[in-house]
Amino acid sequence: MSKSAWIMGGLVLLTLGVELASAQPQEASGGIYTCVDRNGRRLTADRPIPECLDREQRELSPSGITRRQIGPSLTELERAAQDAQNRKDAEERARIVEERRRERVLVARYPDKASHDVERTAAIQMVDDVTATAEKRITELKAERKKLDVEMEFYKKDPNKAPMTLRRKIAEIDDSLAEQQRFITGQDQEKRRVHQRFDVELAQLRKLWDPQRVSPAAAAKPSASAVPPASGAR
């Protein structure tokens, strides 16, 4: 073989080696996609399979090891539904966090039933004080009305002859009496609402107190190791 032919053969082999070396990483990096379509057929391809866009696909390495799982592609309507569900789940998680925060605040404010009873009594007392003021005003209005009734005695036979100012005062007092009575009725309803609110809180607090409470009998009961051994007979 001539020297030039030998050199040309070496160059060809060197070129083939470079091409093979550069081709190996590309082959190793390629993936194999596989899935089972809606008809139960197992499909395989070198790219995501259109027939399985509505179901899960697996991407395999050339050696057959699963690289990743690809979830089904969602339609625009499905994505909107999923987004709505994600928002709903986030709102529910936020609601639970807020509920737990309120429970901690409630227990910190009312560590026991006595503290809750004290605040209930104070809230009811406020309503009673307002009611007492209205009742006092009713007493004053009735006294004024009684004086006007005395004046109206002069016009008993014909009330229409009574002065307009007198009749106007009587009408104003009657309106004020009715207003005060309506206010007292509203305060009675407010008192029931206060009791209802505290009853609901108390029911919730009982559930929150129980896990934190240790019964006095259990706390006072000595452990087995703390019981002294019985002394022997002499």
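These legends describe an overview and several close-up views of one predicted model.

The model is predicted, so local features need pLDDT of at least 70, side-chain atom pairs count only at pLDDT 80 or more, and totals for chains, interfaces and linings use all residues. Residues are numbered from 1 along each chain as its sequence is written, and side-chain values use heavy atoms, with hydrogens and water left out.

**Figure 1. The whole chain holds five helices and four strands.** Helices (H or I, at least four residues) and strands (E, at least two) are DSSP runs, numbered from the N terminus. Read from that end, the order of elements is α-β-β-β-β-α-α-α-α. The chain has 234 residues, and 18% of them count as buried. Buried means under 20% relative accessible area, exposed means over 50%, and partly exposed lies in between (1.4 Å probe, protein chains only). The accessible surface comes to about 18,400 Å². Carbon and sulfur atoms account for 57% of that surface. Accessible areas come from the Shrake-Rupley method with a 1.4 Å probe; for residues, only the protein chains shown count as cover. Contact means heavy atoms within 4.5 Å. Among contacts between residues at least 6 apart in sequence, 49% join residues at least 24 apart.

**Figure 2. Strand β1 pairs with both β2 and β3.** Two strands pair if DSSP finds at least two bridges between them. β1 covers residues 32-36, and β3 covers residues 57-60. The two run antiparallel, joined by three bridges. Ile32 stands opposite Leu60 of β3. Strand β2 spans residues 42-45. It is also antiparallel to β1, with four bridges between them. Here Cys35 has Leu43 as its bridge partner. β1 and β2 form a hairpin, with five residues between them. Gly40 sits in the turn and has a positive phi of about 85°.

**Figure 3. The largest nonpolar core has 12 residues.** A nonpolar core is a set of buried Ala, Val, Leu, Ile, Met, Phe, Trp, Tyr and Cys residues joined through side-chain atoms within 4.5 Å. Its members include Leu106, Ala123, Ile124, Val194 and Leu202. Three helices each supply at least two residues: α2 (76-109), α3 (113-152) and α4 (164-209). The largest share, six residues, comes from α4. Apart from this core lies another, of 11 residues, among them Ile138, Leu148, Ala162 and Leu166. In soluble globular proteins, nonpolar side chains tend to be buried together.

**Figure 4. Tyr110 belongs to the largest core.** Which residues does Tyr110 touch, not counting residues up to four places away in sequence? They are Ser115, His116, Glu119, Phe198, Glu201, Leu205 and Trp209. Phe198, Leu205 and Trp209 are also members of the core.

**Figure 5. Helix α2 has 34 residues.** From its first C-alpha to its last, α2 reaches 49 Å. That is close to the 50 Å expected at 1.5 Å a residue. The expected span is 1.5 Å times one less than the number of residues in the helix. The buried residues of α2 are Glu103, Leu106 and Val107. What covers them includes α4.

**Figure 6. Arg120 and Asp199 form a salt bridge.** A salt bridge is a side-chain nitrogen of Lys or Arg within 4 Å of a carboxyl oxygen of Asp or Glu. The closest N and O atoms of this pair are 2.9 Å apart. The pair links distant parts of the chain: Arg120 lies in α3 and Asp199 in α4, 79 residues apart. Arg120 is buried, at 13% relative accessible area. Asp199 is partly exposed, at 43%. Side chains of opposite charge can pair when their charged atoms come close.

**Figure 7. Two salt bridges lie within helix α4.** Arg193 meets Glu190 at 2.8 Å, N to O. These two are three residues apart, so about one helical turn separates them. Arg193 is partly exposed, at 45% relative accessible area, and so is Glu190, at 28%. Glu201 pairs with Arg197, the closest N and O atoms being 3.5 Å apart. Four residues separate them in sequence position, which means about one helical turn. Glu201 is buried, at 15%, whereas Arg197 is partly exposed, at 40%.

**Figure 8. Five residues share one salt-bridge network.** The members are Glu92, Arg95, Glu99, Arg100 and Glu103, joined by salt bridges that share partners. The whole structure holds 21 salt bridges.
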